Amino acid sequence: MSEAQAKVGIVMGSDSDADVMLEAARTLDEFGVPCEVHVLSAHRTPQKSHQYSITARDRGLQVIIAGAGGAAHLAGVMAAGTTLPVLAVPLAVTPLAGFDALLASVQMPAGVPVATLAVGKAGARNAGLLAVQILALADPGLAEALQQSREHMRDSVAKKSDGLQKRLQALRQDGWKS
Ligand code: RP5
């Protein structure tokens, strides 16, 4: 069976970023959005990174998600080569705990936008969701799936709140002994 044409490209600066960045792929899979995943580096493979971004639209990609740590320039390099939306995920991999990657990703010069998500796994999850939201602008089925996902999330938070009420009640009945 041939793989579906990728609509989202997920790139990361190193295979050491994969544990976090595969969260974006997991999210896209959840919504049935075909994606591809590559290791590309703004600094270690600059030509290959540039080539990837300038050919992205013609290859059928609609959104690029770029994760990198440290001096995280990968999303900027992607955005320099394409007018597709580029979503950055800063990663906490250096002694600066992601603050370096956050600033490098978010402080783009006017004219070359990059949308920067949260540092780490929450950012990778949200990059996947935001990519789905972008694609859902022209896909009512995806929009409906997003709505259902939000409702599921609300139900699960409500269940957690109920659980907390029961725990509080039990602790009070027990005089806070356990
Ligand atoms: C960044 O340097 C990568 O995105 C990665 O987060 C970090 C460290 O890479 P490795 O030395 O683990 O390959 O460019």
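Colleague: Let's start with Glu36: with which side chain does the side chain of Glu36 make a polar contact?

Modeller: Happy to begin there, and please remember that this is a predicted model. Glu36 has its place in strand β2, which covers residues 35–39. At 3.3 Å, the side chain of Glu36 makes a polar contact with the side chain of Arg59.

Colleague: Which residues does Glu36 touch, leaving out residues up to four places away in sequence?

Modeller: Arg59, the polar partner of Glu36, is on that list too. Besides Arg59, Glu36 touches Ala6, Val8, Gly9, Ile10, Tyr52 and Leu61.

Colleague: Let's stay in β2. Is Val37 buried, partly exposed or exposed?

Modeller: Val37 also has its place in strand β2. A residue is buried under 20% relative accessible area and exposed over 50%. The relative accessible area of Val37 is 36%, so Val37 is partly exposed.

Colleague: What distance separates the C-alpha atoms of Val37 and Ala25?

Modeller: Leaving aside neighbours within four places in sequence, Val37 is in contact with Ile10, Met12, Leu22 and Ala25. Along the chain, Val37 and Ala25 are 12 residues apart. The separation of their C-alpha atoms is 7.8 Å.

Colleague: And Cys35, how far is its C-alpha atom from that of Met153?

Modeller: Cys35 is another residue with its place in strand β2. Not counting residues up to four places away in sequence, Cys35 touches Ala6, Val8, Ile10, Ala25, Leu28 and Asp29. Met153 is 118 residues from Cys35 along the chain, and their C-alpha atoms are separated by 24 Å.

Colleague: Which element gives the most residues to the largest nonpolar core?

Modeller: In soluble globular proteins, nonpolar side chains tend to be buried together. Here the largest nonpolar core has 25 residues, and Val8, Ile10, Met21, Leu28, Val33 and Ile65 touch the most other members. Two or more residues each come from β1 (8–12), α1 (18–30), β3 (63–69), β4 (86–91), α5 (121–136) and α6 (140–173). The most, seven residues, come from α5.

Colleague: How many residues are in the second, separate core?

Modeller: Let's look at some of its members. Ile64, Ala66, Ala72 and Met78 are included in this second, separate core. The number of residues in it is 20.

Colleague: Ile10 keeps coming up. Which residues does Ile10 touch, not counting residues up to four places away in sequence?

Modeller: Ile10 is one of the residues that touch the most other members of the largest nonpolar core. Its list includes Cys35, Glu36 and Val37, which we met above. The others are Met21, Ala24, Ala25, Leu28, His38, Tyr52 and Ile65.

Colleague: Now for the helices. Where do the buried residues of α2 lie, on one face of the helix or all around it?

Modeller: The buried residues in α2 are Ser49, Tyr52 and Ser53. Seen down the axis of α2, these buried residues fall within an arc of 90°, so they line one face.

Colleague: Which exposed residues sit on the face of α2 turned away from its buried side?

Modeller: On the buried side, the buried residues of α2 pack against β1, β2, β3 and α3. The face turned away from that side carries the exposed residues Gln47 and Lys48.

Colleague: How many of the eight residues of α3 are buried?

Modeller: Helix α3 (residues 74–81) is mostly covered. Its buried residues are Leu74, Ala75, Gly76, Met78, Ala79 and Gly81, and they pack against β1, α2 (46–55), β3 and β4. The number buried is six.

Colleague: On to the ligand: what percentage of its exposed area does the protein bury?

Modeller: The ligand is surrounded by Gly13, Ser14, Ser16, Asp17, Arg44, Ala68, Gly69 and Val93. Polar side-chain atoms lie 2.6 Å from a ligand oxygen atom for Ser14, 2.6 Å for Asp17 and 2.8 Å for Arg44. Taken alone, the ligand exposes 370 Å², and the share buried by the protein is 68%.

Colleague: Finally, what pattern of helices and strands does the protein follow along the sequence?

Modeller: The protein has 178 residues, of which 39% count as buried. It contains six helices and five strands. Read along the sequence, they follow the pattern β-α-β-α-β-α-β-α-β-α-α.

Terms used:
Residues numbered from 1 in each chain as written. Predicted model: local features only at pLDDT ≥ 70, side-chain atom pairs only at ≥ 80, totals over all residues. Heavy atoms only, no water. Core = buried A, V, L, I, M, F, W, Y, C linked by side-chain atoms within 4.5 Å. Buried < 20%, exposed > 50% of the residue type's maximum accessible area, 1.4 Å probe, protein only. Helix = DSSP H or I, 4+ residues; strand = E, 2+ residues; numbered from the N terminus. Contact = heavy atoms within 4.5 Å. Near = heavy atom within 4 Å. Polar contact = N/O pair within 3.5 Å; in protein donor to acceptor, adjacent residues only side chain to side chain. Areas by Shrake-Rupley, 256 points an atom, 1.4 Å probe, with all protein chains shown as cover. Arc of directions from axis to C-beta.
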